[in-house]
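Q: I am new to reading protein models and would like a close look at a single part of this one. Could you take me through one residue and its surroundings carefully, and then set it beside a few other places in the chain?

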Amino acid sequence: MLSQAKENGILSFSILGGEPTKYKDIDNLLKIIDSLKVVTTITTNGQEIKKSTIDIICQSDYITPVISLESIDDFKNFELMGTRAKRGIELIKLFHERKKKVRLNTVYSNQSEEDIMELLKFAIKNEIDRFSIADYSEVTGFTKITKIYNISDLRKLEEKVRRYLLDNKIDNFNFSVEGCFYFTAFPELIEEGKNLSEFENMYFGCRAKHTKMEILSNGDVLPCIAFLGEKHTSNAFHQTLTEIWKNDSNYTEVREFKTENKDCLKCSMLRICEGGCYPKLQRTLNPNFTKDKTCQL
């Protein structure tokens, strides 16, 4: 399957969980990925990662570890993600000592700004390769996390972080904010949206349509994890990735969906979002006429 992906020009692999380091054959999987020479990230909370797995990651020129932390405070992190922060912090420091680039990922859900700023300072001190803050979006109905912020709050947080970096003359730090429809936190884009290139439309828009394939542990393929719980029509262990990409019904539906919501039809960002998250809209009473409540425009 991985070889197929490389042959078809896939740019990167992302190994996620649950907790992927608990997979019994993770070491062999990473060795194969390294031999394919495809840029790869593996995201872990660092609680049970084996020394052999750490060694393989450190020796690879293609695999980058991403550590999940919500707070550097042990109890706060346990409250938010069910694990202690200590092991993740130790793992980051270990990678740093072994001169291995390591990234830090945080989901913005219920932390204070002080929690985020402490993470930022920790990331700078430990020369984190990239610090990402992601918007939490409950789209599957399976994960219940208390969220007290919307994407406009996330924009305010990003602006505070960038002010801190600017004020402290830290100009070589890689910081990013991620989230579906995050662009709607920038209403000034409405006018600019009329002049966006085709690439920008794809970049800001739904990756499930153009650039993404989620493959579950049993081989089921989804355009995005938001489709979890919906009908599965494709399996990577029984079909080629090309067949799935071209013929899977979920891909076809999300690519062909056209909103009829009057507010959305008047918006210059229509080409990017088409009314919002397709699987989330499909769970509403009138999907074609419903506007995604996530949208801040």
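A: Since this is a predicted model, what follows describes computed positions. Glutamate 114 is a useful place to begin, because with a relative accessible area of 52% it passes the 50% cut-off and counts as exposed. Glutamate 114 sits in helix 6, which covers residues 113-125, and although 43 residues separate glutamate 114 from serine 71 along the sequence, their C-alpha atoms are 9.6 Å apart in space.

Asparagine 45, the residue to look at closely, belongs to the loop that runs between strand 2 (39-44) and helix 3 (51-59). Its relative accessibility is 16%, which is under the 20% limit, and therefore asparagine 45 counts as buried. The side chain of asparagine 45 comes to 3.0 Å from the backbone nitrogen of glutamine 47. If neighbours within four places in sequence are left aside, asparagine 45 is also in contact with Glu19, Ser68, Met81, Thr83 and Gly88.

Turning to the nonpolar interior, the largest nonpolar core holds 68 residues, and those with the most contacts inside it are Leu30, Ile92, Phe95, Leu104, Phe131, Ile133 and Phe175. Helix 6 contributes the most to this core, with 6 residues. In soluble globular proteins, nonpolar side chains tend to be buried together. Isoleucine 133 gives a detailed example, since, when residues up to four places away in sequence are not counted, isoleucine 133 touches Thr106, Tyr108, Ile116, Leu154, Leu157, Phe175, Ser176, Val177 and Glu178.

How values were computed:
Residues are numbered from 1 along each chain as its sequence is written. This is a predicted model: local features need pLDDT of at least 70, side-chain atom pairs count only at pLDDT 80 or more; totals for chains, interfaces and linings use all residues. Side-chain values use heavy atoms; hydrogens and water are left out. Helices (H or I, at least four residues) and strands (E, at least two) are DSSP runs, numbered from the N terminus. Buried means under 20% relative accessible area, exposed over 50%, partly exposed in between (1.4 Å probe, protein chains only). A polar contact is a pair of N or O atoms within 3.5 Å; within protein, one must be able to donate a hydrogen and the other to accept it, and residues adjacent in sequence count only if both atoms are side-chain atoms. Contact means heavy atoms within 4.5 Å. A nonpolar core is a set of buried Ala, Val, Leu, Ile, Met, Phe, Trp, Tyr and Cys residues joined through side-chain atoms within 4.5 Å.
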